[in-house]
Amino acid sequence: MNHEDPKPFAYGLFERLGRRTAVVGVIGLGYVGLPLAAACARGGFRTIGFDVDASKVEMLNGGRSYIDAVVSSDLAVLVGDGRFLAKGEFSYLAECDVVVICVPTPLTRHREPDLRYVTATAETIGILRLRGAHVDYHDPHVPVIPPTREHGQYEGVRSIEITAEALRGCHAVVVSTDHDAVDYGLVAEHSRLVIDTRNVFRRKGIESSAVVKS
Ligand SMILES: NC(=O)c1ccc[n+]([C@@H]2O[C@H](COP(=O)([O-])OP(=O)(O)OC[C@H]3O[C@@H](n4cnc5c(N)ncnc54)[C@H](O)[C@@H]3O)[C@@H](O)[C@H]2O)c1
């Protein structure tokens, strides 16, 4: 995300992350998203989980988990403390400082990634843009967002190149997957803040004070 003068926002976000006063949003409360959201909440962040499945939202807010990696009694404590809250209304994204997208990307019968859910998440990007953020993406396997009936406005949006200049212009870089094609050394060297949702940097032995593991 970048703004005209990114410094105040970036430093503010750093501080909020350090003090655990930043609010984390996780979109998609499945096998990846729910444990991630619970880990953020346990780590002290107020965490809002978003899901289109209203029954999951209700169940999770009742402190009942449906995933082995998250124990219901632990979830109930996080809900009771107000550290975790599930929502179906995406307008609550406006409260979040950091958003991680964990929606499904199944393969089609032609064994190509089915990006239906990701393009639905494009709406989320629309909300971030409403808050004044500019959001770019980089994905070596999805160079251009394909046409969809629902989110035609994003058709043709292109994956940007990862360059030192592009990284320096961003407030925050969210790493949501581990691609061999990405030069993570360059990302660590030039980014102000990196939120690493995959533990990529540790695995690759790249140390940087800019990297925060989520
Ligand atoms: N499960 C794994 O072991 C695993 C491992 C590596 C990577 N991944 C990747 O992680 C991502 C998430 O996978 P998962 O296994 O957690 O999926 P999942 O199917 O378990 O959960 C996805 C959740 O997203 C919700 N959802 C769907 N569309 C949504 C939308 N538009 N907005 C909000 N919520 C929405 C669903 O209701 C569901 O609760 C995928 O890209 C997957 O390829 C998964």
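**Strand pairing, helix packing and two loop arginines**

Guide: G25 faces I48, which lies in strand 2. The model under discussion is predicted.

Visitor: What makes strand 1 and strand 2 a pair?

Guide: At least two bridges between two strands are needed. Strand 1 (residues 23–27) is joined to strand 2 by five bridges, and the two strands run parallel; they therefore count as paired.

Visitor: How do you know that strand 1 and strand 4 pair?

Guide: The cut-off is again at least two bridges. Strand 1 and strand 4 share four bridges in the parallel sense, so the criterion is met. Within strand 4, V100 is the bridge partner of V26.

Visitor: Why is one side of strand 3 and of strand 4 left without a neighbour in the sheet?

Guide: The sheet is open, with four strands in the order 3-2-1-4 and parallel pairing. Strand 3 (84–87) and strand 4 (98–101) stand at its edges and have a single partner strand each, so each has one side without a neighbour. On average, neighbouring strands of this sheet are turned by 20° against each other, direction ignored.

Visitor: What does helix 2 touch on the sheet?

Guide: Helix 2 packs on the sheet and touches strand 1, strand 2, strand 3 and strand 4. The direction of helix 2 makes about 165° with that of strand 2.

Visitor: What makes strand 2 mostly covered?

Guide: A residue is buried if 20 or more other C-beta atoms lie within 10 Å of its own. In strand 2 (residues 46–50), four of the five residues are buried. For the protein chain of 214 residues, 28% count as buried.

Visitor: Why are helix 2 and helix 4 called oblique to each other?

Guide: Two packed helices are described by the angle between their axes and the distance between the axes. Helix 2 (residues 33–42) packs against helix 4 (residues 72–80) at about 55°, and their axes are 10 Å apart. Angles under 35 degrees count as roughly parallel and 65 to 115 as roughly perpendicular; the angle of about 55° falls in neither range, and the two helices are therefore oblique. Their crossing is left-handed.

Visitor: Which residues of helix 2 and helix 4 meet?

Guide: A38, A41 and R42 of helix 2 meet D74, L75 and L78 of helix 4. These contact residues divide into four nonpolar, no polar and two charged.

Visitor: Is R20 buried, partly exposed or exposed, and how do you know?

Guide: R20 has 13 other C-beta atoms within 10 Å. A residue counts as exposed at 12 or fewer and as buried at 20 or more, so R20, lying in between, is partly exposed. R20 is in the loop between helix 1 (6–19) and strand 1, and its phi is positive, about 65°, although it is not a glycine. Most residues other than glycine have a negative phi.

Visitor: Is R111 buried or exposed, and how do you know?

Guide: R111 has 6 other C-beta atoms within 10 Å. The cut-off for an exposed residue is 12 or fewer, so R111 is exposed. R111 belongs to the loop between strand 4 and helix 5 (116–130); its phi is about 60°, a positive value, although R111 is not a glycine.

Terms used:
Residues are numbered from 1 along each chain as its sequence is written. This is a predicted model: local features need pLDDT of at least 70, side-chain atom pairs count only at pLDDT 80 or more; totals for chains, interfaces and linings use all residues. Axes are lines fitted to C-alpha atoms, for helices over the stretch in contact, and angles run from 0 to 180 degrees between N-to-C directions. Angles under 35 degrees count as roughly parallel, over 145 as roughly antiparallel, 65 to 115 as roughly perpendicular and the rest as oblique. A crossing is left-handed if the near helix is turned anticlockwise from the far one by less than a right angle, and right-handed if clockwise. Two residues are in contact if their C-beta atoms, placed from the backbone, lie within 7 Å. Ala, Val, Leu, Ile, Met, Phe, Trp, Tyr, Cys and Pro count as nonpolar, Asp, Glu, Lys and Arg as charged, and the others, Gly among them, as polar.
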